[in-house]
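Trainee: Could we go through this model together, a few spots at a time?
Mentor: Gladly; let's look at it first.

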Amino acid sequence: MNEEELRSGEAREESPGWQAIDAALNRVYPGIEPFHYGTLVSYRLGGPDPLDGVSVYKRTDPVPHWHYVTYGFTELHEKESENTQFSGFGFELTLRLAAEGEEEPPVWAINFLQNLARYVFSSGNPFLPGHHMDANGPIESDRETAITAIAFVEDPELGQIESPFGESRFVQVVGITHEELDLIKVWNTRSFLELAKARLPLYLTDLKRESLLQDTELRAAAELGVRTEGSSTGHLYFDSLLWEEHRNLLKGNSYVLQLGAKQAESLARIVTGRLMHDRSLTLIGPDTEVMLLPDLQNRVAEVEEGLHLYLNADAAAELSRRLVPIESEFRLETMNQLTIRIVKTLMRDSEGNIVETIG
């Protein structure tokens, strides 16, 4: 046990929130001492890591894996927030990583959980079951793997707990492929993970696996779900989103909507998954928002936040059909006051270098 672990052990005895997490883990792992990785300098004192610690349990059932559990999204030592119902952000993260014969849990996963914590602490946005996130690359950065995104589900064994500081739940990170993420966007996280759980025991993250959608039976079931349930994605972010108004006294005003090529293909499917199921879809850009709404009559309305596009079934179907990830510009035949401009998407690495051009 190193100095960090000793300090974490001392903190547990004085921390009701920490003890509540330990109690939940003891029910699943009675008498088992986990690997524990504590933080030497706390985030509140200027340390780089938001989480106070991560415990990791070695499992052999139903398949060998490491079970990571965080300490720090909830209030561990004292009540600091004004929210009396929830402890801190109201959740702790878990991750079940397929074991590959290691004697100790891979440390990269702890760093990954700390990075997720940095996002939450800086943005104030919690992770909830049903959420998803694109990692824009392998979740283990130094490894070639198809797992480049994550979804979130309630941990199937730990569930929800209460401490003197409020309620919280254990939210499990599930590694998924880019193809699976695209499907989730046009369908929903919960339905996909329910469909996949027979192939992902306890929602395991396995860096060696390929897309589950290579299974034709599973893909067919997923496509049926998309058609019958529609999409749960209500908001999409476009870094290239903007719109222009062109005034014409004789023909009336027209509009140009600009989108990035990277999102065009998934947007095409989400449009039908939302509007054809009588649900709106909001596109969010750096400086504006554009909301697509189902309606019987096609029209465009300027609002304080940006633009509202009211589309009937024919316009929604045409937009879906013509949105492809290729640089182009076209006017909708069903809605001739609207022109769509698709521009190239430049993918950059962490240093700002262009690594891929889409469109």
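**A buried aspartate and its surroundings**

Trainee: Is D155 buried or exposed, and what is its relative accessible area?
Mentor: Buried means under 20% relative accessible area, exposed over 50% and partly exposed in between, with a 1.4 Å probe and protein chains only. By that cut-off D155 is buried, because its relative accessible area is 2%.

Trainee: Before we go on, what kind of model is this?
Mentor: Residues are numbered from 1 along each chain as its sequence is written, and side-chain values use heavy atoms, with hydrogens and water left out. Local features need pLDDT of at least 70, side-chain atom pairs count only at pLDDT 80 or more, and totals for chains, interfaces and linings use all residues, since this is a predicted model.

Trainee: Which backbone nitrogen lies 3.1 Å from a polar atom of the D155 side chain?
Mentor: D155 sits in the loop between strand 6 (147-154) and strand 7 (160-163); strands (E, at least two residues) and helices (H or I, at least four) are DSSP runs, numbered from the N terminus. Contact means heavy atoms within 4.5 Å, and, leaving aside residues up to four places away in sequence, D155 touches H67, T94, R96, F170, V171 and Q172. The backbone nitrogen at 3.1 Å belongs to L158.

Trainee: What is the order of the open sheet of four strands?
Mentor: Two strands pair if DSSP finds at least two bridges between them. The pairing in this sheet is mixed, and its edge strands, each pairing on one side only, are strand 10 (242-246) and strand 16 (328-331). The order is 10-11-17-16.

Trainee: Which residue of strand 17 stands opposite L257?
Mentor: Strand 11 (residues 254-260) and strand 17 (residues 338-343) run parallel, joined by six bridges. Across from L257 in strand 17 is I340.

Trainee: At about what angle does helix 7 run to strand 11?
Mentor: Axes are lines fitted to C-alpha atoms, for helices over the stretch in contact, with angles from 0 to 180 degrees between N-to-C directions. Helix 7 (residues 261-275) lies across strand 11 and strand 17, and its angle to strand 11 is about 105 degrees.

Trainee: Which residues form the uncovered face of strand 1?
Mentor: In a regular strand the side chains alternate between the two faces of the sheet. In strand 1 (residues 35-38), H36 and G38 make up the covered face, and the uncovered one is F35 and Y37.

Terms used: A polar contact is a pair of N or O atoms within 3.5 Å; within protein, one must be able to donate a hydrogen and the other to accept it, and residues adjacent in sequence count only if both atoms are side-chain atoms.
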